[in-house]
Amino acid sequence: MKKIIFLGSADKSHVLLALGRLLSAMGKKVLLVDSTMGQAVQGYLPPVFTGSAVQEFEDIDVAYGYITAAQLDHALEQAGTLGAYDVLLLDTDHTQMVTGRNLPDFDKRVWCWDGKRLSLQKNEELLLRLCLHEAEAPLSFYDWLSPALPGSLPAWRAETRLRHVEWLEPSFHFPLDERDAIADVHNQHQHRIDLRRVSGAFRQVLLTMLKQLGDCDAKTARRAWAIAQKRWRAW
């Protein structure tokens with residue numbers, strides 16, 4: 001199973017659900033896990049009456065409310081899907097779910113922030129809790145900035161704390177666009193991920209992310225997008 005982890009303070013749920021949907025359109029069995037304090041993924045799902053759950057949504061399985069890996073494995077075992085996935089998308093800010101020691105076990109790592117000062121502060125605190133500053137060898141991360149505001153913003157390169165982080169190219173910078181904000185809210189209230197409503201810039205960055213994290217070429221990524229749109233129209 002390919003394991004991809006997303007760390008840091010940023011609003012990620014809409015993008016991760018869209019990414020999971022595209023991976024599913026490529027024929028992958030996908031598990032998206034929201035193990036964050038906010039559990040924002042619940043805003044997109046049909047209502048359930050439990051504090052934690054694993055449920056099918058938009059051709060992927062979505063789990064939330066689990067703080068430790070053992071809790072998640074137990075839930076998947078009860079659902080009969082433990083070991084059944086091709087791709088894991090893990091969004092977490094709990095060091096009970098992942099530690100600096102097992103971060104190297106993930107195939108891809110993405111560091112996420114929104115450009116705000118508090119976001120930077122929380123990311124640095126998470127970095128310290130994960131003890132990345134004590135790592136023996138550099139860990140590679142992709143950089144996710146959302147929203148990427150117009151103009152110049154100094155890149156986040158706190159050398160004293162990130163000397164053991166290797167930044168990969170390309171970066172995933174989602175420009176601020178009113179259409180994407182509208183699409184996000186619409187999808188939450190409709191309990192769907194309608195890719196037709198997003199901006200061209202959002203589409204381009206998401207396809208770049210799909211190619212890098214899903215290890216596919218541009219043609220495969222575009223085909224996945226077309227399949228995902230076609231499935232939505234079928235409903």
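Threonine 36 is buried in this predicted model. Its relative accessible area is 12%, and because the cut-off for burial is under 20%, the residue falls in the buried class. Threonine 36 sits in a loop. That loop runs between strand E2 (30-35) and strand E3 (53-57).

Two sets of neighbours describe the surroundings of threonine 36. Within the loop region, a polar atom of the threonine 36 side chain lies 3.0 Å from the backbone nitrogen of glutamine 39. Beyond four places in sequence, threonine 36 is in contact with Asp91, Thr92, Asp93 and His94.

A second region centres on strand E7, which spans residues 139-148. This strand is mostly covered. Nine of its ten residues are buried. In a regular strand, side chains alternate between the two faces of the sheet.

Strand E7 pairs with strand E6 (residues 108-113). The pairing is parallel and involves four bridges. Here tryptophan 144 of E7 stands opposite cysteine 112.

Strand E7 also runs parallel to strand E8 (residues 165-167), and three bridges join the two. Phenylalanine 141 has tryptophan 167 in E8 as its bridge partner. Strand E9 (residues 172-175) is likewise parallel to E7, with three bridges between them. In E9, phenylalanine 172 is the bridge partner of tryptophan 144. Tryptophan 144 thus stands opposite cysteine 112 and is bridged to phenylalanine 172 in E9.

How values were computed:
Residues numbered from 1 in each chain as written. Predicted model: local features only at pLDDT ≥ 70, side-chain atom pairs only at ≥ 80, totals over all residues. Heavy atoms only, no water. Buried < 20%, exposed > 50% of the residue type's maximum accessible area, 1.4 Å probe, protein only. Polar contact = N/O pair within 3.5 Å; in protein donor to acceptor, adjacent residues only side chain to side chain. Contact = heavy atoms within 4.5 Å. Pairing = 2+ DSSP bridges.
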